[in-house]
Amino acid sequence: MNQTIQELIAFLSLPQKIIITMHRDPDADALGSSLGWASYLAGKGHEVTVISPTEYTANLRWLPGIEQVLIYEKASDQGKCKRKIEEATLICCLDFSALSRLKDLGKVVQDAQAIKLLVDHHLEPEHFAKWMVWDTNAAATAQLIYALVKEMEGNKPAQEIFDKGMAECLYAGIMTDTGSFRHGNVTPAVHLAVADLMLTGLDTSRVHRLIYDNAPLSRLQFLGYVLSQKLVVLPEYRTAYMVLTEAELQKFNSSTGETEGIVNYGLQVENVVMSAMFIERKGEVKISFRSVGSFSVRDLASTHFNGGGHKNASGGRSEQSVTETVATFLRVLPSYQSELLSVD
Ligand code: 5GP
Ligand code: MN
């Protein structure tokens, strides 16, 4: 057992006031790992508060324990969030490695007195946390939480440690961050964790349905529009991209959740190894990148679009207009051409 975990176990032997927070626009891994960890800690007698910097998408509203999540951005929650952070003895930072990913909450966490614990699988963490459970090879933060809890509990079988709700939360994170077990980050440890979690009675098929087959009709209609009208393929760069303006989003009444995952469709086009999506929203452009194999979108996202993430799934932001942002993308593409063409 490494020293971090030993120190953490010793610290948690007394009741603590714990904050769990995650990256903005939290996905199923951010929220699932946070809620699974929250449930474990609450079961051990700690006072736990889960704070998301921003709202989450509608398809995550079923996650067990989600009703306790405070939204820092919401005026009605902000005072309570600040008070809880001030009183906290431990702040757990899950599924992000840079405080900027917390939006306005970043400064509050940075200034807080509490000890910080980072649990994450993104590349290049900032070193703001005393304790780090950090592994870029882990498929999901939920996988890291699973392994951490197992280790803390002396590797007892899952059904003696986790209840079904915790297992659903962790499974949701692992399933989504592996693209339903099809990405390159799937290892034997992923399937072993899932097998173990299933011993709690976890219904994996139901979790999949609640996340992926639970969309408003408008999302499918919007998807139809994007794929038929907005998908551009550049065979010479083995790249696909889509650009969505604020006006288009408004026309389809699209909320944040309805654009999520659409970038992946670009990779379904034959021979394409990189897909990008540019979304104009609230005065900034949010960019999503996906790739396959050896081509790293993280370098592209961090070098040109103030972003980062994983080798095959990254994101970024731009304060330029959407037209200028896309022009930048098209301008830098040639410098990646040989790398794109050499992907197996
Ligand atoms: P998505 O395209 O789903 O928003 O993001 C894909 C991945 O890219 C996320 O898991 C996250 O790691 C990373 N990512 C997205 N947006 C940002 C950003 O603005 N900054 C950084 N550093 N990473 C991001
Ligand atoms: Mn994750």
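This is a short tour of a predicted model, going from the metal site to some helix contacts and then to a few single residues.

**Stop 1: the manganese ion**

Start by selecting the manganese ion (ligand 2) and the protein atoms that bind it. Its protein donors are Asp29 (OD), Asp95 (OD), His121 (NE2) and Asp177 (OD), and they lie 2.1 to 2.4 Å from the ion. If you like to read sites off the sequence, the donors follow the spacing D-x65-D-x25-H-x55-D along the chain. Now pick out two of them: aspartate 29 lies in helix 2 (residues 28-43) and aspartate 177 in helix 6 (residues 164-177), so this pair ties together parts that are 148 residues apart in sequence. Switch on a surface and keep an eye on those two, as both aspartate 29 and aspartate 177 are buried.

**Stop 2: aspartate 95, one of the donors**

Stay at the metal and click on Asp95, another of the manganese donors. You'll find aspartate 95 in the loop between strand 4 (90-94) and helix 4 (105-111). How accessible is aspartate 95? Its relative accessibility is 1%, so it counts as buried. Check the backbone too: aspartate 95 has a positive phi of about 70 degrees, although it is not a glycine. For background, most residues other than glycine have a negative phi.

**Stop 3: glutamate 124, for contrast**

Glutamate 124 is another non-glycine residue with a positive phi, here about 50 degrees. Look for it in the loop between strand 5 (115-120) and strand 6 (131-134). Is glutamate 124 buried or exposed? With 58% relative accessibility, glutamate 124 counts as exposed.

**Stop 4: helix 6 against helix 5**

Go back to helix 6, the one that carries aspartate 177, and show helix 5 (residues 141-152) as well. The axes of helix 5 and helix 6 come within 7 Å and cross at roughly 135 degrees. The two helices are therefore oblique to each other. To see the contact, show side chains for Ala142, Gln143, Ile145 and Tyr146 on helix 5, which meet Leu170, Gly173 and Ile174 on helix 6. Sorted by class, this contact has 5 nonpolar residues, 2 polar ones and no charged ones.

**Stop 5: helix 5 against helix 1**

Keep helix 5 and add helix 1 (residues 3-11); the pair packs at an angle of about 65 degrees, with the axes 11 Å apart. That makes helix 1 roughly perpendicular to helix 5. Helix 1 passes helix 5 in a right-handed crossing. Which residues of helix 1 meet helix 5? They are Ile5, Leu8 and Ile9, set against Leu148, Glu151 and Met152 in helix 5. The residues of this contact divide into 5 nonpolar, no polar and 1 charged.

**Stop 6: threonine 204**

Select threonine 204 in helix 8 (residues 204-212). It has a relative accessible area of 18%, which makes it buried. Leaving out residues up to four places away in sequence, threonine 204 touches Tyr171 and Met198.

**Stop 7: glutamate 236**

Finish at glutamate 236, in the loop between strand 7 (232-234) and strand 8 (239-244). This one is partly exposed, with a relative accessible area of 41%. Apart from residues up to four places away in sequence, glutamate 236 touches Gln337 and Leu341. Try the distance tool on the C-alpha atoms of glutamate 236 and serine 294: they are separated by 17 Å, and the two residues are 58 residues apart along the chain.

Definitions and conventions: Residues numbered from 1 in each chain as written. Chains lettered and ligands numbered in written order. Predicted model: local features only at pLDDT ≥ 70, side-chain atom pairs only at ≥ 80, totals over all residues. Heavy atoms only, no water. Axes fitted to C-alpha atoms, helices over the stretch in contact; angles between N-to-C directions. Helix = DSSP H or I, 4+ residues; strand = E, 2+ residues; numbered from the N terminus. Parallel < 35°, antiparallel > 145°, perpendicular 65-115°, else oblique. Left-handed = near helix turned anticlockwise from the far one by under 90°. Contact = heavy atoms within 4.5 Å. Nonpolar A, V, L, I, M, F, W, Y, C, P; charged D, E, K, R; others polar. Donors = N, O, S within 2.8 Å, 3.2 Å for Na, K, Ca; no water. Buried < 20%, exposed > 50% of the residue type's maximum accessible area, 1.4 Å probe, protein only.
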